[in-house]
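Q: Please take a close look at one part of this model, the second largest pocket, and describe what surrounds it. Include a residue from one of the elements that line it, and the enclosed space elsewhere in the chain.

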Amino acid sequence: MRCAMSRDTTKPVAVPRVAALGSATRAETDEQMLRSWLDSLASPHSRRNFETTARRFLAALPMGLRAAAVEDVRDALANVARGVSEATARQYVLRIKSLLGYAHKLGYCPFNAGVTIKVRSDAGIRGATLAKRIISEVEVGLLVRAVPSERDRVLIEVIYAGGLRVSEIVKLTWSDVLAREDRVQLSVTGKGGTIRQVLLPAIVSRSLLSLRGDAGNNDPVFASRKGGPLTERAVHGMVRRMAAAAGIKAPVSPHWLRHAHGSHAIDRGASLPEVQATLGHANIATTSGYLHARPDSSSGLRLDPGIFVR
């Protein structure tokens with residue numbers, strides 16, 4: 001079924017778009033619907049990325065959202081995803097499915113073409129990528145010991161022990177730190193403003209609490225020399241320098257420590273739901289990428305080793 005749209009085979013007729021009967025939105029154009037959808041996203045970072053993808057998609061959809069058939073949507077998506085990696089194309093599809101679902105839910109479009117578009121699991125691709133970005137437990141230890149500054153050493157420990165994103169750790173204030181006997185519980189604000197609770201090991205908790213001094217509840221946990229919160233750029237630079245000082249040749253970033261947390265925790269017996277909750281993954285399929293990154297078995301291990309004896 002396509003949206004009703006007046007057409008004359010000899011002379012195009014411009015038909016003003018009006019909100020459909022029972023519509024829950026004031027949007028009358030694709031641009032207005034796009035703005036409404038973007039405003040529903042909590043994260044500024046997500047809004048920027050989603051807007052770029054959506055505008056490219058709408059530019060490849062000349063008949064507009066309301067008049068587009070499923071085939072039109074598929075063609076537009078194929079156009080947008082041309083020349084990008086499979087993982088990036090998957091992200092584009094997920095973003096457009098979100099836009100289409102939102103437009104249909106509010107009554108702007110009569111059907112949701114997004115439900116007909118299947119998204120392939122990226123666990124295997126993610127696993128292959130993660131495998132190149134996971135440093136060993138020994139390398140994490142070397143990195144921690146290479147840091148001369150107490151603040152920076154604790155920062156690296158908290159990123160690794162809590163599996164935090166760099167955007168999350170720079171936002172931490174002392175009001176987010178709750179002492180629980182010999183451990184610390186962090187109230188972490190993640191993507192989309194979602195808050196999760198993360199427990200730190202006792203040894204890391206003690207180091208973290210030792211940094212507080214006379215800082216107030218609203219003061220940043222990891223403060224710059226000027227007293228404000230550290231910037232993400234500053235944390236990236238520090239981790240990169242310390243990794244080089246530790247003799248780690250890989251281009252380590254703070255996010256690599258988050259990957260290391262996920263992989264090492266699973267290796268040591270943590271369940272996927274437990275790691276998912278700690279890392280704040282919305283979908284457990286994302287977490288399962290760590291299984292693909294570090295498989296415990298392979299059919300090659302079952303072959304006769306005698307074949308290889310020289």
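A: Contact here means heavy atoms within 4.5 Å. The model is predicted. Leaving aside neighbours within four places in sequence, Ser207 is in contact with Arg153, Val154 and Glu157. Ser207 belongs to helix 10, which spans residues 202-209. With a relative accessibility of 15%, Ser207 counts as buried, because the cut-off for buried is under 20%. A polar atom of the Ser207 side chain lies 3.3 Å from the backbone oxygen of Ile203.

The second largest pocket holds about 570 Å³ of space. Its lining consists of 21 residues, and those nearest the centre are Tyr160, Ala161, Pro201, Val204 and His261. Helix 10 is among the elements that give two or more residues to this lining, along with helix 7 (137-146), helix 8 (150-162), strand 3 (195-200), helix 12 (254-267) and helix 13 (272-279). Helix 7 provides the largest share, 5 residues. By residue type, the lining of the second largest pocket divides into 12 nonpolar, 4 polar and 5 charged.

As for enclosed space, the count comes to 1 cavity of 30 Å³ or more. The largest cavity contains about 70 Å³ of space. Its lining is made up of Leu61, Leu65, Ala68, Val73, Leu100, Cys109, Phe111, Asn112 and Ala113. These lining residues divide into 8 nonpolar and 1 polar, with no charged residue.

Key. Residues numbered from 1 in each chain as written. Predicted model: local features only at pLDDT ≥ 70, side-chain atom pairs only at ≥ 80, totals over all residues. Heavy atoms only, no water. 1 Å grid on protein atoms, 1.4 Å probe; cavity = no way out; pocket = protein on both sides within 12 Å on 5 of 7 lines; lining within 4 Å. Points joined across faces, edges and corners; volume = space filled by probe spheres on them. Nonpolar A, V, L, I, M, F, W, Y, C, P; charged D, E, K, R; others polar. Helix = DSSP H or I, 4+ residues; strand = E, 2+ residues; numbered from the N terminus. Buried < 20%, exposed > 50% of the residue type's maximum accessible area, 1.4 Å probe, protein only. Polar contact = N/O pair within 3.5 Å; in protein donor to acceptor, adjacent residues only side chain to side chain.
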